[in-house]
Amino acid sequence: MRLFFYTMNLNSIKRRLNTPNDIKQLFADYSLTIGGLMTGAASNAKIAKNLNAAMPPAVILHHLPDKQISAVINSDNAADTINRQYIAELSDLSKKFNLTDKLKTYSGCLWSSAGCRRSCLVFSGRSNIFKAVQYARGRRTLAAIDRPAEYVRGLIYSIGHHYKKTAGPLSVRLKGTDENSIHFKKVNLSISEINNINSYYGLNINYSDKPRVISEIFKNDNIIFYEYSKAPLSYLKRLTALNIDVTASLVADRITGAADAITAINAGYRLAVPVTLNKAGRIPRRVIISDDTGRRVDIPALSGDNYDYRPADPQKCAVILKAKQSAGGDILSAFFIADKLGPQTIGGGHIELIY
Ligand code: SF4
């Protein structure tokens, strides 16, 4: 009888989350929450497709890309789309936390091109209807720049939150709308913090007295990290070494666009290719890329739009993504590949879609 009551009491203990003060303070300063730091399937059509295709649910981190944070805190910014305009509250935050100088040299996308910056997905969808979308992305961007270690620690709680909600497995993208290097940031978790996180979120993080990167911290859990990247091969390899699935992205309007794509494919990566698809259901079967030094690759192509979960796709293939017209973007820019027969000129070479 006593054993029965003892068991019952244990089962009815409500576990409490003890959010550490450094994270509480950061989130209070930038009006962030553990649940809202990352975007789950409920509020993102693209990642909802993962669920429909029976792929693991995803959460994505959205920042402002490139130098966009500097643009939106500049009151002289004369942008004519809502999602590129001045946001007074972000300007106030940057002044309050003395970030103005840091922001002058900051870029969230070191490997971007003129074409991708103009047509970035950050400017698509609801961002041009509600100013609140870029405001939230801006608050995250500022918080990450201001206190990177606390921000990464906060992300651990946010990933735990979504993991608990989906009851695992969970897939995670941290470079949703920028090329941040959060994956390389090492942070510490105390023993009591790990115990609390594990029991509250149902995770299996072990203790280490050394600082660790996020993918190492979650190595015992059913959490899969994957990213798209426009970075050079050496950087792609650094991500791969951290157990992150990487899809290289074609940058057709970069002078080395063809060569970089061939180098990534030859190293075993799949390649995301944005195409202005204009016939429903018709995507290329193969993609051929050649560069000015005489190298050539001929790889199978598949649609990347049925789901976003790239780890399910083979390596050394072209992932065809439908180019989207974003507010203020240019679907005819050299960044996008046209949906047509025959060779097309790209930076440092050619690409041909075979139907
Ligand atoms: S497309 Fe990618 S690299 Fe280009 S600006 Fe957007 S997030 Fe940055």
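Reader: Which residue in S8 is the bridge partner of leucine 302?

Author: That would be valine 319. Keep in mind that we're looking at a predicted model.

Reader: And how do you know that S7 and S8 count as paired strands?

Author: Just count bridges: pairing takes at least two, and strand S7 (residues 296-303) and strand S8 (residues 318-322) are joined by three, so they count as paired. The two strands run parallel.

Reader: Where do S7 and S8 sit in the sheet?

Author: They're neighbours in an open, mixed sheet of 10 strands, whose order is S1-S2-S3-S4-S5-S8-S7-S6-S10-S9. From one strand to the next, the twist averages 30 degrees.

Reader: What makes S1 and S9 edge strands?

Author: Strand S1 (58-60) and strand S9 (343-346) each pair on one side only.

Reader: Which helices pack on this sheet, then?

Author: H9 is one of them, touching S1, strand S2 (170-173) and S3, with its direction at about 150 degrees to that of S2. Helix H13 (residues 257-266) is another, lying across S4, strand S5 (270-275), strand S6 (286-291), S7, S9 and strand S10 (349-354). H13 runs at about 120 degrees to S6.

Reader: Why is H2 called roughly perpendicular to H9?

Author: Helix H2 (residues 21-29) packs against helix H9 (residues 148-166) at an angle of about 100 degrees, with 9 Å between the axes. The window for roughly perpendicular is 65 to 115 degrees, so H2 earns the label against H9.

Reader: Which residues of H2 and H9 meet?

Author: H2 brings Asp22, Ile23, Leu26 and Phe27, and H9 brings Glu150, Tyr151, Arg153, Gly154 and Tyr157. By class, this contact has five nonpolar, one polar and three charged residues.

Reader: What makes H5 roughly parallel to H8, then?

Author: The axes of helix H5 (residues 88-96) and helix H8 (residues 131-146) cross at roughly 10 degrees and come within 10 Å. Anything under 35 degrees counts as roughly parallel, so H5 and H8 qualify. On the H5 side the contact uses Glu89, Leu90, Leu93 and Ser94, and on the H8 side Tyr135, Gly138, Arg139 and Leu142. The classes come out as four nonpolar, two polar and two charged residues.

Reader: How do you know that domain 1 and domain 2 are in contact?

Author: The chain divides into domain 1 (2-247) and domain 2 (250-355), with centres 28 Å apart over C-alpha atoms. Contact is judged residue by residue, with C-beta atoms within 7 Å, and 33 residues of domain 1 are in contact with 27 of domain 2.

Reader: Which element gives the most to the side of domain 1 that touches domain 2?

Author: H7 does, with five residues. Elements supplying at least two residues include helix H3 (45-52), helix H7 (114-119) and helix H12 (233-241). By class, that side of domain 1 has 17 nonpolar, 10 polar and six charged residues.

Reader: Which residues are around the ligand, and how do they split by class?

Author: Among them are Cys109, Cys116, Cys120, Arg117, Asp178, Glu179 and Lys230. The shell has five nonpolar, two polar and five charged residues. Cysteine counts as nonpolar, so Cys109, Cys116 and Cys120 go in that class.

Conventions
Residues numbered from 1 in each chain as written. Predicted model: local features only at pLDDT ≥ 70, side-chain atom pairs only at ≥ 80, totals over all residues. Axes fitted to C-alpha atoms, helices over the stretch in contact; angles between N-to-C directions. Helix = DSSP H or I, 4+ residues; strand = E, 2+ residues; numbered from the N terminus. Parallel < 35°, antiparallel > 145°, perpendicular 65-115°, else oblique. Contact = placed C-beta atoms within 7 Å. Near = placed C-beta within 6 Å. Domains from an automatic or database assignment.
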